[in-house]
Amino acid sequence: MTSAALARAVPAAALLLAVTACAQDPQRSSRPAPPAPQERTATGPAPTHPSGRTSTVNIRLTLDGHPVDATLNDSAAARDLAALLPLSLDLEDFHRTERIAYPPRKLDTSGAPDAARPQAGDLAYYAPWGNLALFYRDGDSPSTGLVLLGKVADGHTERLATAEHVTIEAAP
């Protein structure tokens with residue numbers, strides 16, 4: 001790159017960053033500030049299944065030492081999460097509705113719907129921030145960027161409300 005081109009590119013990049021920063025109003029956000037950006041890694045297009053069949057993967061969540069069965073759906077993001085297992089993550093509460101944690105990298109969300117309305121027991125991924133979400137209460141409305149990954153077995157959502165640590169692994 002020539003010095004003249006570099007001299008034009010630097011102010012343009014600074015202006016873009018300033019406009020982006022000003023466009024985000026932290027007072028209006030319903031989510032806390034995201035962690036430092038990470039490089040997004042795509043794992044490629046989701047494989048298709050013959051005859052439109054889908055399958056689920058059984059997993060085990062261990063919430064503060066208590067095992068809870070769950071399933072992952074057949075989305076690209078759920079398959080990408082399964083490839084990271086086992087995971088051991090600290091949880092924090094978010095809006096008295098969900099417990100959140102950050103996997104080691106962002107998940108592939110190719111083919112995911114634009115928004116989802118979470119329900120108690122849903123295991124989800126919030127793509128804009130790259131966090132997992134374990135819902136212990138129903139969400140108020142559909143959330144843009146929320147990708148449903150699976151579901152905790154019925155009767156175990158109350159454990160999600162107070163859990164501080166989760167280990168996620170393939171079911172035995």
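## Exercises on a predicted model

The backbone oxygen of Pro128 lies 3.4 Å from a polar atom of the Lys106 side chain, in a model that is predicted.

**Exercise 1. Establish where Lys106 lies and whether Lys106 is buried or exposed.**

Solution. Begin with the position in the chain: Lys106 belongs to the loop between strand S5 (98-101) and S6. Next take the accessibility, which is 17% in relative terms, so that Lys106 counts as buried, the cut-off for that class being under 20%. Finally, add the partner already named, since the Lys106 side chain has a polar atom 3.4 Å from the backbone oxygen of Pro128.

**Exercise 2. Decide how far the predicted coordinates can be read, using pLDDT.**

Solution. For the protein as a whole, the mean pLDDT is 79, and 69% of the residues reach 70 or more. The next step is to look for a weak stretch, and one is found at residues 2-53, where pLDDT stays under 50 and for which the model has 37 contacts beyond four places in sequence. Where pLDDT is low, the predicted coordinates should not be read in detail.

**Exercise 3. Work out the order of the strands in the nine-stranded open sheet, and say which strands form its edges.**

Solution. First set out the inventory: the protein has three helices and eleven strands, and from the N terminus these elements run α-β-β-α-β-β-β-β-β-β-β-β-α-β. Nine strands make an open sheet in the order S3-S11-S1-S2-S10-S7-S8-S5-S4, with antiparallel pairing. At the edges stand S3 and strand S4 (92-94), each of which pairs on one side only. Neighbouring strands of this sheet are turned against each other by 30 degrees on average, direction ignored.

Then follow the pairings around S1. Seven bridges join S1 to S2 in the antiparallel sense, while S1 and S11 pair, also antiparallel, over five bridges. Leu61 stands opposite Val68 in S2 and opposite Ile168 in S11. S1 and S2 form a hairpin with two residues between them, and Asp64 in the turn has a positive phi of about 50 degrees. One step further along, S2 and S10 are paired antiparallel over three bridges, with Val152 in S10 as the bridge partner of Ala70.

**Exercise 4. Identify which residues of the largest nonpolar core touch the most other members, and which element gives the largest share of this core.**

Solution. The largest nonpolar core holds 29 residues, of which Ile59, Leu61, Leu63, Leu81, Leu132 and Leu149 touch the most other members. Elements that give two or more residues to this core include strand S1 (57-63), strand S2 (66-72), helix H2 (76-84) and strand S10 (146-152). The largest share, four residues, comes from H2.

To see how H2 is placed, note that H2 lies across S2, S3, S7, S8 and S10, at about 60 degrees to S10. Its buried residues are Ala76, Ala77, Ala78, Asp80, Leu81 and Leu84, and the buried residues of H2 pack against S2, S3, S7, S8 and S10. Leu149 offers a check from the side of the core, for its contacts beyond four places in sequence include Ala77, Ala78, Leu81, Leu123 and Leu132. Apart from this core lies another, of eight residues, among them Ile100, Ala124, Ala133 and Phe135.

**Exercise 5. Compare the surroundings of Asp122 and Ala120, and decide for each whether the residue is buried or partly exposed.**

Solution. Take Asp122 first: its place is in strand S7, and it counts as buried because its relative accessibility is 7%. The side chains of Asp122 and Lys151 are joined by a polar contact of 3.2 Å. Beyond four places in sequence, Asp122 touches residues that include Arg117, Ala133, Phe135, Leu148 and Lys151.

Turn now to Ala120, which lies in the loop between strand S6 (115-116) and strand S7 (122-126). Ala120 is partly exposed, because its relative accessible area is 26%. Leaving aside neighbours within four places in sequence, the contacts of Ala120 are Phe135, Tyr136, Arg137, Asp138, Lys151 and Thr157. Lys151 is therefore a contact of Ala120 and of Asp122, with Asp122 counted as buried. As a last step, Ala120 and Thr97 are 23 residues apart in sequence and 8.3 Å apart in space, C-alpha to C-alpha.

Technical notes:
Residues numbered from 1 in each chain as written. Predicted model: local features only at pLDDT ≥ 70, side-chain atom pairs only at ≥ 80, totals over all residues. Heavy atoms only, no water. Buried < 20%, exposed > 50% of the residue type's maximum accessible area, 1.4 Å probe, protein only. Contact = heavy atoms within 4.5 Å. Core = buried A, V, L, I, M, F, W, Y, C linked by side-chain atoms within 4.5 Å. Pairing = 2+ DSSP bridges. Axes fitted to C-alpha atoms, helices over the stretch in contact; angles between N-to-C directions. Polar contact = N/O pair within 3.5 Å; in protein donor to acceptor, adjacent residues only side chain to side chain. pLDDT = per-residue confidence, 0-100.
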